Amino acid sequence: MKKRFLLFAIIALRILPTYGQEEKKWSLQTGFGEIKMLENKYDEGDLFVSEDQGNAFYLSADYWFSQHFALNGGIAFEQQGLYTDYSDGIGLKKVNMLGVNVGVKYYFFPKKWIFQPHIGASVYTNVLNLGNQKGESKVILDQGYPGSHGVLNYDVQCPALSLSPRIGLDIHLLSSLSLCIDYDYRIGLWGSNKAKLRFTDGVLTGQTIGIDERNIRSGISIGLKMDFPAKPISNEAKDNLLWLIYSWISSKANY
């Protein structure tokens, strides 16, 4: 393990000078992730439900107006699930949000460094499900109590705006290509997901589970970012990348 760590450290030090030779002006990034609903205030019901989950997809761009500051904006799609514990997907009911977002990022290190941690903040807009969406549906549970039936009553209203502080890390894979890992905390203004699930058969017949989520959620995502103008890949960087792949395969083969 120590030998492999030393090997990767040497590779990183060799690749490091190949970055940052030209000033990048803007970047294009795309990725996906998972969200978790963090606040459930509903105490009416016989049973407890844990954090609901969802999916997030985005396409965004960064415009650099200084060495450390970048303006960020793009399109974000978010899919929230209700009663994730009882579904083999994100929930027994799905709620969609779509809109644009704009914000700023601050990068701590010089651009030539391979690892680029940053902090930032964004404002997310949404144009879907802004009014109260009420309804009732019959559901079949896939998890928790598989095969059980229930009646789901819901009252959903998505927020038009969400405020989001964020942290992240960009890792240079090539001169103009980076792996991006981001975590954000999205605070929805107004809106909520209210629902009540009543079991109609099985061991829980007649019991209910209620939720009232305030649209405060966390999100973690992974993506790829391309910098423009794109930089040519040096022969040294190509050799180092091949060496890294070969070394990783060799280390696996030794076990």
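Select strand E9, residues 177–189, in this predicted model. One face of E9 is covered and carries Ser178, Cys180, Asp182, Asp184, Arg186 and Gly188. The uncovered face of E9 carries Leu177, Leu179, Ile181, Tyr183, Tyr185, Ile187 and Leu189. Colour the two sets separately before going on.

Next, add strand E8, residues 161–172. E8 pairs with E9 in the antiparallel sense, over 10 bridges. To find one place along this pairing, pick Arg166 and look across to E9, where Asp184 stands opposite. Asp184 belongs to the covered face of E9. Then show the link between the two strands: E8 and E9 make a hairpin, with 4 residues between them.

Now add strand E12, residues 216–228. E12 is also a partner of E9, again antiparallel, and the two are joined over 11 bridges. Pick Tyr185 here; its bridge partner in E12 is Ser218. Tyr185 is one of the residues on the uncovered face of E9.

Which strands make up the closed barrel? Select E1, E2, E3, E4, E5, E8, E9 and E12: the 8 strands follow one another in that order, with antiparallel pairing. From one strand to the next, the twist averages 25°. Strands of a sheet are held in pairs by backbone hydrogen bonds, in a parallel or an antiparallel arrangement.

For a last stop, move to another pair in the barrel, E3 and E4. Select residues 69–82 for E3 and residues 93–107 for E4. Their pairing is antiparallel and spans 14 bridges. Where should one look for the bridge partner of Phe77? Go to Leu98, in E4.

Technical notes: Residues numbered from 1 in each chain as written. Predicted model: local features only at pLDDT ≥ 70, side-chain atom pairs only at ≥ 80, totals over all residues. Heavy atoms only, no water. Buried < 20%, exposed > 50% of the residue type's maximum accessible area, 1.4 Å probe, protein only. Pairing = 2+ DSSP bridges. Axes fitted to C-alpha atoms, helices over the stretch in contact; angles between N-to-C directions.
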